[in-house]
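This report describes one protein chain for a reader who is new to structural analysis. Please keep the sequence and the structure in view while reading.

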Amino acid sequence: MITVLNSKLLNNNCKNLLVACILVACCFSLNGCKKQEPVVESHDNHGLILIGDTHVTLTPEHIASIKSEQYQPSLNLYGQLSPAQQATIKFDSKIKIKSFLCQKGQMVKKGEVLFTYTILPSLLTSRDIAKQSSKTEDETKNLAEQVSDDINNTVKKIGDNLQGLQNDIQTIEEDNTQITTNKNEEVFEYTAPFDGQISPIYYQANDEVGINAPILNIQSIDMLKFIGLLPAYTKPRLIIGQHVNLALDDAPEVKGLTGQVSDVVELKTQHKVAVHVQMVENTNQHLPKIGAMVTGRLDYGQLDIGTLVDESAIHDADLSEFSSPDAHVAAPIKAFVWIVNQDKLLARQAVEVISFNAQSQQYLVSGIPSDTLIVLADLPKDAEGKTLQIS
């Protein structure tokens with residue numbers, strides 16, 4: 001309680017001092033009554049985290065500076081070598097194999113005879129095939145009845161109509177499939193359409209082969225390919241004809257194997273792209289085998305600068321692909337990192353995780369501006385745009 005004194009008993013200096021005290025007391029009173037900002041408190045390995053409406057308070061251990069490292073942007077393709085060219089031999093008519101001049105696994109040259117065969121008689125007569133036509137059942141029945149009548153008439157008048165009977169018999173022989181003979185059987189040769197390897201053979205000599213039944217398969221061995229899968233977002237980085245460096249999983253010491261991107265097919269339901277890579281003729285005389293597992297490295301763009309960050313800075317990403325030394329990481333993994341801009345405002349930055357540095361136990365990421373600081377904490381999304389304070 002403030003006692004009001006008689007102004008006559010106070011000099012001017014005392015009056016001024018009393019007014020000042022009253023003003024200070026009011027200021028303290030107002031500050032004490034001011035509503036405090038609500039704060040959400042949490043802890044992690046680096047210390048206390050306080051999140052308010054406009055500010056986020058962290059410890060110095062939560063903040064890391066930029067550590068840069070140069071790298072070559074690249075994609076990794078993994079697949080199994082298969083023939084770039086192969087053919088399964090079939091016929092659109094029934095045939096009989098006369099002889100095989102090749103065997104399973106044999107290397108053959110283009111133009112080399114693989115087997116000989118004959119064409120078996122079909123249900124159509126030779127005259128029908130030449131005319132590219134067929135008779136209906138009614139027409140065939142009428143013809144048979146007419147021929148029968150002609151034969152009866154001819155028997156009655158054999159002396160007067162012998163030439164007509166001979167013509168009718170010739171007609172029956174041409175239209176009756178059962179009279180077709182193989183006296184002049186023609187043997188054909190089938191030759192290899194390209195250099196390759198025979199695998200497999202489905203028949204033996206003297207076997208009859210049905211229409212469109214596979215007889216054998218021939219695979220090119222000096223033209224191999226494989227297909228690797230990448231995330232759909234990498235499609236703009238892929239160009240037909242791009243150079244790909246290859247390495248054999250079972251023979252990493254073999255150098256100089258190369259390939260080219262021959263096709264890129266988008267698999268929309270899988271959110272991936274299938275990248276077809278065809279091997280280029282190599283110069284080290286090493287011939288990879290069909291079925292061998294291969295890794296292809298596809299470089300894109302110029303050398304770039306990335307940032308090394310701790311795992312605690314990376315959020316919304318599955319980093320398990322980097323956990324094994326033999327892990328196949330095909331493309332950078334999309335993630336987020338909290339950063340502090342020069343105006344002390346927090347930002348949730350989209351990045352790509354490129355690789356894992358086993359020596360420093362840090363991840364190399366791209367997309368972090370060089371004039372920022374890194375936050376080693378997983379903040380709520382509404383921390384975006386709030387001001388950083390250090391406790």
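## The chain as a whole

In this predicted model, the chain has 391 residues, and 31% of them are buried. Its secondary structure comprises 27 strands and 4 helices.

Contacts in the chain often link residues that are far apart in sequence: among contacts between residues at least 6 apart, 69% join residues at least 24 apart.

## The nonpolar cores

In soluble globular proteins, nonpolar side chains tend to be buried together. The largest nonpolar core of this model contains 25 residues, and those that touch the most other members are L77, L81, F226, L230, L238, L246 and V275. Two or more residues of this core come from each of β6, β16 (224-231), β17 (243-248), β18 (258-267), β19 (272-280) and β20. With 4 residues, β19 gives the most to this core.

What does L246 touch, if residues up to four places away in sequence are not counted? The residues touched by L246 are F226, L257, T258, G259, M279, V294, T295 and G296. There is also a second, separate core, which has 18 residues, including L319, I339, A347 and V365.

## An open sheet of four strands

Strands of a sheet pair through backbone hydrogen bonds, either parallel or antiparallel. One open sheet of the model is formed by 4 strands with antiparallel pairing, in the order β12-β11-β9-β14. Its edge strands, β12 (188-191) and β14 (208-209), each pair on one side only.

Strand β9 (residues 95-100) runs antiparallel to β14, and 2 bridges join these strands. Which residue of β14 is the bridge partner of K96? The partner of K96 is E208.

## The second largest pocket

The second largest pocket holds about 540 Å³ of space. It is lined by 30 residues, of which N76, F322, V329, I354 and S355 are the closest to its centre. By class, the lining has 17 nonpolar, 9 polar and 4 charged residues.

Which strands each supply at least two residues of this lining? They are β6 (74-80), β20 (293-299), β24 (346-357) and β25 (362-366). The largest share, 4 residues, comes from β24. Strands β6 and β20 thus appear in two parts of this report: each supplies at least two residues of the pocket lining, and each gives two or more residues to the largest nonpolar core.

Conventions. Residues are numbered from 1 along each chain as its sequence is written. This is a predicted model: local features need pLDDT of at least 70, side-chain atom pairs count only at pLDDT 80 or more; totals for chains, interfaces and linings use all residues. Side-chain values use heavy atoms; hydrogens and water are left out. On a 1 Å grid over the protein atoms alone, a cavity is a set of points where a 1.4 Å probe fits but cannot get out, and a pocket is an open set with protein on both sides within 12 Å along at least five of seven lines; lining residues have an atom within 4 Å of a point. Grid points are joined across faces, edges and corners, and a volume is the space filled by probe spheres set on the points. Ala, Val, Leu, Ile, Met, Phe, Trp, Tyr, Cys and Pro count as nonpolar, Asp, Glu, Lys and Arg as charged, and the others, Gly among them, as polar. Two strands pair if DSSP finds at least two bridges between them. A nonpolar core is a set of buried Ala, Val, Leu, Ile, Met, Phe, Trp, Tyr and Cys residues joined through side-chain atoms within 4.5 Å. Buried means under 20% relative accessible area, exposed over 50%, partly exposed in between (1.4 Å probe, protein chains only). Contact means heavy atoms within 4.5 Å.
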